Every structure is written in C-alpha cells, then in structure tokens.
Amino acid sequence: MKSMMMAVVIACAGGMAAAQEAQGEMPDAQGNQGPPEFFRSIYPEHAFDEAMALYGALGNEEAELDAKTRELVALAVAAQIPCEYCVYAHMKNARSAGATEGELREAVATAANVRMWSTMLNGMDYDFEAFRAEHDELMPPTN
C-alpha cells in the first residue's frame with residue numbers, strides 16, 4: 001500500500017507541474033495557491049515540501065522535456081503500473097498540453113509494446129550479453 005501511494009504521488013507529480021505550467025499555480029481546498037489536497041493529505045507531512053520540490057524541478061524552466069512530452073511519458077508509465085488515478089490525471093494533462101488522440105494512443109501502445117518484449121525476453125531467459133551484442137550491432141553505441 002505504501003509503495004502504491006508513492007507511485008501515485010510520483011506519477012501524478014509531473015501532471016501537476018504541467019498543469020501549473022499551463023495555467024499557473026493550482027488553488028488548494030482553502031483557495032490558496034499550492035499543491036492540491038489529494039497530494040497533501042496522503043504524503044508524510046515532514047517530507048511534503050521536499051517531495052513537491054522534486055517533481056516541480058522536472059517541470060521548471062531548466063527542464064529539457066516540454067510539458068506534452070513529459071505528460072505522454074507519465075501517461076505511458078501510469079498505464080503500465082497500472083494506476084487509475086495517474087492515467088486519469090496524465091491523460092487530461094497531456095490533452096491540456098496539446099497532445100492529440102493519436103499521440104495518446106501511441107504513448108500507451110509504445111509502453112505496452114516495451115512491456116510485451118520485456119516479458120518475452122525475461123520470461124524466455126534470453127541471454128543478456130547476446131541481446132546487448134545483437135542490439136549494439138543493429139544500433140551502435142553513440143558515445
């Protein structure tokens with residue numbers, strides 16, 4: 001249960017940052033600007049400010065991913081966890097950031113495809129060193 005709550009907070013965090021990017025700070029239950037009550041009420045009080053700073057950093061002006069890309073990644077991860085709360089939030093946030101229905105479907109399908117191949121490779125105990133060699137031959141390292 002504790003790890004699920006943490007996953008919800010982490011997965012939804014990027015969504016709040018994108019929403020704040022698009023429309024300014026969100027008001028809390030008392031009408032004050034700041035994080036929504038659904039974050040505040042589930043997270044340990046003594047660590048809340050640090051948690052908010054962490055996800056806020058991912059959406060600040062120094063972030064290399066734009067809000068739409070961040071939300072598409074978050075949606076794909078949320079679909080694979082799976083987290084109903086996060087899927088709802090990131091689907092809505094991605095749309096608000098300009099994602100098309102096609103982009104939403106592709107993000108989720110890409111996550112499903114990665115999971116399928118991961119399941120096959122791990123389930124069939126494919127040799128990792130052989131995998132690396134084959135992959136590097138197809139796509140040589142860039143560094």
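Is V73 buried, partly exposed or exposed? At 45% relative accessibility, V73 counts as partly exposed, because that value falls between the 20% limit for buried residues and the 50% limit for exposed ones. V73 belongs to helix α4. Its C-alpha atom lies 9.0 Å from that of H90, although 17 residues separate the two along the chain.

It helps to step back to the whole chain. The model is a predicted one, with a mean pLDDT of 83 and with 77% of the residues at 70 or more. Two stretches call for a word of caution here. Residues 1-11 have a pLDDT below 50, and beyond near neighbours in sequence this stretch makes 15 contacts in the model. For residues 17-25 the pLDDT is likewise below 50, and 15 contacts beyond near neighbours in sequence are again present in the model.

The secondary structure is simple to describe. The protein has seven helices and zero strands, so that the order along the sequence reads α-α-α-α-α-α-α. Of its 143 residues, 29% count as buried. The accessible surface amounts to about 10,000 Å², and carbon and sulfur atoms supply 60% of that area. Among contacts with a separation of 6 or more, 54% are between residues 24 or more positions apart.

Helix α3, which covers residues 48-57, offers a clear view of two sides. Its buried residues are F48, A51, M52 and Y55. These four span an arc of only 95° around the axis, and therefore sit on the same side of α3. D49, E50 and L54, on the other side of the helix, are exposed.

Between α4 and α5 comes a loop that holds P82. The peptide bond joining I81 to P82 is cis, with omega at about -20°. Just along the chain, two cysteines are both buried: C83 has a relative accessible area of 3%, while C86 is at 0%. Both values are under 20%, which is why the two residues count as buried. As for cross-links, a disulfide is a covalent bond between the sulfur atoms of two cysteines. The count of disulfides in the model is zero, given that a pair of cysteine sulfur atoms would have to lie within 2.5 Å.

Helix α6 runs over residues 101-123, and its length can be checked with a short calculation. At 1.5 Å a residue, these 23 residues should span 33 Å, since the expected span is 1.5 Å times one less than the number of residues. The C-alpha atoms at the two ends are 32 Å apart, which agrees with the expected value. The buried residues of α6 are L104, A107 and A111. They pack against α4, residues 67-80, and α5, residues 84-96. Helix α4, where V73 is found, is thus one of the partners of the buried residues of α6.

Just after α6 the backbone shows a feature worth a closer look. D125 takes a positive phi of about 50°, a positive value in a residue other than glycine. The residue lies in the loop between α6 and α7, the latter being residues 128-138. D125 is also exposed, because its relative accessibility of 66% is over the 50% limit.

Technical notes:
Residues are numbered from 1 along each chain as its sequence is written. This is a predicted model: local features need pLDDT of at least 70, side-chain atom pairs count only at pLDDT 80 or more; totals for chains, interfaces and linings use all residues. Side-chain values use heavy atoms; hydrogens and water are left out. Buried means under 20% relative accessible area, exposed over 50%, partly exposed in between (1.4 Å probe, protein chains only). Contact means heavy atoms within 4.5 Å. Accessible areas come from the Shrake-Rupley method with a 1.4 Å probe; for residues, only the protein chains shown count as cover. pLDDT is the predictor's confidence in each residue, from 0 to 100. The arc is that of the directions from the helix axis to the C-beta atoms.
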